Amino acid sequence: MPDVGPEHPDFGRAVECSCRRTDQDAAFYQRLLRNSELGSLVDCTFSSFLTEGVGLPPAKELRLRLAYDTVYSFAKNPNGWLVLKGGYGCGKTHLAAAVANYSIEHGQPVLFINTPDLLDHLRAAYSPSSPTTFDERFDQVRNAPLLVLDDLGSQSNTPWAQEKLYQIFNHRYNARLPTVITTNQELEAIEGRIRSRLVDHRLVQILTISAPDFRRAGFDETQPDLSTLDLHADQTFGTFDLRERELAQPEANNLNRAVQAAQKFAESPTDWLIFNSIAHGNGKTHLAAAIANHLARRGDVVLFISAPDLLDHLRATYSPSSVVGYDRRFNEVKGAAVLILDDLGTESATPWAREKLYQLLNHRYVSRMPTVITTATAIKDLDPRLESRMMDENRSTFFVVKAPAYRGRVKARRQSSRR
């Protein structure tokens, strides 16, 4: 009984002891946590997130901080949908779990679940021994006050799985129920009916997190692990030789314009830039690497790789011992912020290789993603489908480098000068 006088409205009324209320609050919190299926992610909170990343350059650190602020604002006022895109280990699952933990800490129910696990739970509900019927489990997901769905796109896309996911997304879309989704897939790779809802800007906020893998701290993570840019670290604009004393004036002028085109692209990467020449060793790769090094040093993510190496990486994913799946490798290249593809045309031109290169470059062409290509193959000898895209003046700058190879030319001139 509260210690109040007869005139007080609570006089004579039983009230709950404060210690009892604390126990009930703790039990309520544990029930919310158990129902959320957060499991080991209970420690993934906003306070434990490294907003400065691990060894990030200032530009990337700023973008990561902006992503954190956006997700934190959503957690305080869950309204609409939030899609977190990014590579493996970039922190998107941590931020999604932080939203769920924030809701639980404030007494709000939330369901956090991994997409493949969700589908497994639904399949298991068909079993006669299941304590929960399929309809009960399905309704729990569809109507969760806040749903956090992790790793969309990592599930096995059977027709049944696609249909169930569509029904969940469509219900929550029509009901405008708050939803957080994480994925390392490009949206184009997601089933069309679901994708149409994910790109509705009236409801959905899409956030791309470009931080490298937090779990590989200590490695040089400023660039994708496929990139061979470290082998070209010395090839910059500052080290490029214009060969003004060696070349004839038309060739020198042409090479100077090639450098200007490369520098312009490096300052503002837009659409495609192609360096073509039938001569090997005349500076095409150096200019492409100079662009990549310029972008990397200012904090941009750039993938530098030769066409033969790229295809070798894709083939390697078919091995049973491969720890990386084909889809992950292909999407890494397809979705690279800036792609530098060196030596196109030197790869083994099997039908498989031609098809993969076309799929990759056609995606980047349609999406107008910044791409630099070098090739010593005559344009007419490349895949006609690629030729048409490389020669499109509205989206591609096709530059023919007319300078001869560095090797041999200087030596020949030195010998002639001795005579």
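Three helices, α10 (307-316), α11 (326-334) and α12 (351-366), each contribute at least two residues to the lining of the largest cavity. The model described here is predicted, and the briefing turns from this cavity to the parallel sheet, in which five strands are arranged as an open sheet.

**The cavity**

- With a threshold of 30 Å³ or more, the count comes to one cavity, and the volume of the largest cavity is about 30 Å³.
- The lining of the largest cavity is made up of Leu-310, Leu-311, Leu-314, Phe-330, Val-333, Lys-356, Leu-357 and Leu-360.
- By residue class, that lining comprises seven nonpolar residues and one charged residue, with no polar residue among them.

**The sheet**

- The strand order in the open sheet is β2-β3-β4-β1-β5, and the pairing is parallel.
- Because β2 (111-114) and β5 (204-209) stand at the edges with a single partner strand each, one side of each is left without a neighbour in the sheet.
- On average, and with direction ignored, neighbouring strands of this sheet are turned by 15 degrees against each other.

**Strand pairing and the packed helix**

- Strand β1 (residues 81-86) runs in the parallel sense with strand β4 (residues 179-183), and five bridges join the pair.
- Within this pairing, Leu-84 has Thr-182 of β4 as its bridge partner.
- Helix α3 (residues 92-105) packs on the sheet and touches β1, β2, β3 (147-150), β4 and β5, while the direction of α3 makes about 165 degrees with that of β4.

Terms used
Residues numbered from 1 in each chain as written. Predicted model: local features only at pLDDT ≥ 70, side-chain atom pairs only at ≥ 80, totals over all residues. Heavy atoms only, no water. 1 Å grid on protein atoms, 1.4 Å probe; cavity = no way out; pocket = protein on both sides within 12 Å on 5 of 7 lines; lining within 4 Å. Points joined across faces, edges and corners; volume = space filled by probe spheres on them. Helix = DSSP H or I, 4+ residues; strand = E, 2+ residues; numbered from the N terminus. Nonpolar A, V, L, I, M, F, W, Y, C, P; charged D, E, K, R; others polar. Pairing = 2+ DSSP bridges. Axes fitted to C-alpha atoms, helices over the stretch in contact; angles between N-to-C directions. Contact = heavy atoms within 4.5 Å.
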